[in-house]
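Colleague: Thanks for sitting down with me. Could you walk me through this fold, one question at a time?

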Amino acid sequence: MDGDFRTHFVREPSALRQHPALVLNADYRPLSYYPLSLWPWQEAVKAAFLDRVDIIAEYDEEVRSPSMVLKIPSVVVLKDYVKPRKRVAFTRFNLFLRDEFRCQYCGSKGDLTFDHVVPRASGGITSWENVVAACSPCNLRKGSKSLRRAGMSLYRAPRQPTAGELLNVGRKFPPNHLHDSWLDFLYWDAELEA
């Protein structure tokens, strides 16, 4: 994604009617960027009462019980640090995320599936190093041929991503609904422009 996400994405108040809470790790970074680590407001309130999180920002709306009134949390931070996973699961979603939701043959963003670079019929295996995101037309065009025989090339050679790499790629795809209270905690570790 090019440019400042704050100006390219419209905050949709209707998407925030559920009042989700942004969940930050104890180091004040989101647990994940894509999908963005959000809890329903009920989970955030429960975690606060169980003293598992600190509430650091709130919505204007309140919830009431017979004995108390509480503003709905919009940002919570875990009291205990959750160590990020080092191993990245080989899933369709993570594959698409690694390839930035683009066909690795033509660069298109629509109608994605996946393709074995070395076809399975030729002994290719299903692994990070042999599978790429591909649009349906490119997948059909390549079929079970080698890249050379199909006259096609890859934008990037496939490889297994690290958890940090997927996290960084996920930062390029913010949701189209961002509450103002979240903005100070999203991308805060990004390099500042001069």
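Modeller: Happily, and I'll start with a term: rings of Phe, Tyr and Trp (its six-membered ring) pair if their centres lie within 6.5 Å, with planes under 30 degrees apart called stacked, over 60 edge-to-face and the rest tilted. Please keep in mind that this is a predicted model, where local features need pLDDT of at least 70 and side-chain atom pairs count only at pLDDT 80 or more, while totals for chains, interfaces and linings use all residues. Residues are numbered from 1 along each chain as its sequence is written, and side-chain values use heavy atoms, with hydrogens and water left out.

Colleague: How many aromatic pairs does the structure hold?

Modeller: A pair of aromatic rings is described by the distance of the centres and the angle of the planes. Phe 90 and Trp 128 meet edge-to-face, 5.0 Å centre to centre and 70° between the planes. Phe 93 and Phe 101 are also edge-to-face, at 6.1 Å and 65°. The number of aromatic pairs is two.

Colleague: How many residues apart in sequence are the parts that Phe 90 and Trp 128 tie together?

Modeller: Helices (H or I, at least four residues) and strands (E, at least two) are DSSP runs, numbered from the N terminus. Phe 90 lies in the loop between β4 and α3 (92–98), and Trp 128 in the loop between β5 (112–116) and β6 (131–135), so the pair joins parts whose separation in sequence is 38 residues.

Colleague: Is Trp 128 buried or exposed?

Modeller: Buried means under 20% relative accessible area, exposed over 50%, and partly exposed in between (1.4 Å probe, protein chains only). Its partner Phe 90 has 33% and is partly exposed. Trp 128, at 5% relative accessibility, counts as buried.

Colleague: Which residues of β6 are buried on the side of Val 131?

Modeller: Five of the five residues of β6 are buried, so the strand is largely enclosed by the rest of the structure. Val 132 and Ala 134 cover one side, and on the other are Val 131, Ala 133 and Cys 135.

Colleague: Which residue of β6 is the bridge partner of Asp 115?

Modeller: Two strands pair if DSSP finds at least two bridges between them. β5 and β6 pair in the antiparallel sense over five bridges. In β6, the partner of Asp 115 is Val 132.

Colleague: What is the relative accessibility of Lys 142?

Modeller: Lys 142 sits in helix α4 (residues 136–142). Contact means heavy atoms within 4.5 Å, and, not counting residues up to four places away in sequence, Lys 142 touches several residues, including Tyr 105, Asp 115 and Met 152. Lys 142 counts as buried, with a relative accessibility of 0%.

Colleague: What is the order of the strands in the open sheet?

Modeller: The sheet has four strands with mixed pairing. β3 and β4 pair in the antiparallel sense over eight bridges. The edge strands, each pairing on one side only, are β2 and β3. The order is β2-β1-β4-β3.

Colleague: Which strand supplies the largest share of the largest nonpolar core?

Modeller: A nonpolar core is a set of buried Ala, Val, Leu, Ile, Met, Phe, Trp, Tyr and Cys residues joined through side-chain atoms within 4.5 Å. The largest one has 17 residues, and Leu 22, Val 75 and Trp 182 are among those with the most contacts inside it. β1 (21–24), β3 (53–64) and β4 (69–78) each supply at least two of its residues. The largest share, four residues, comes from β4.
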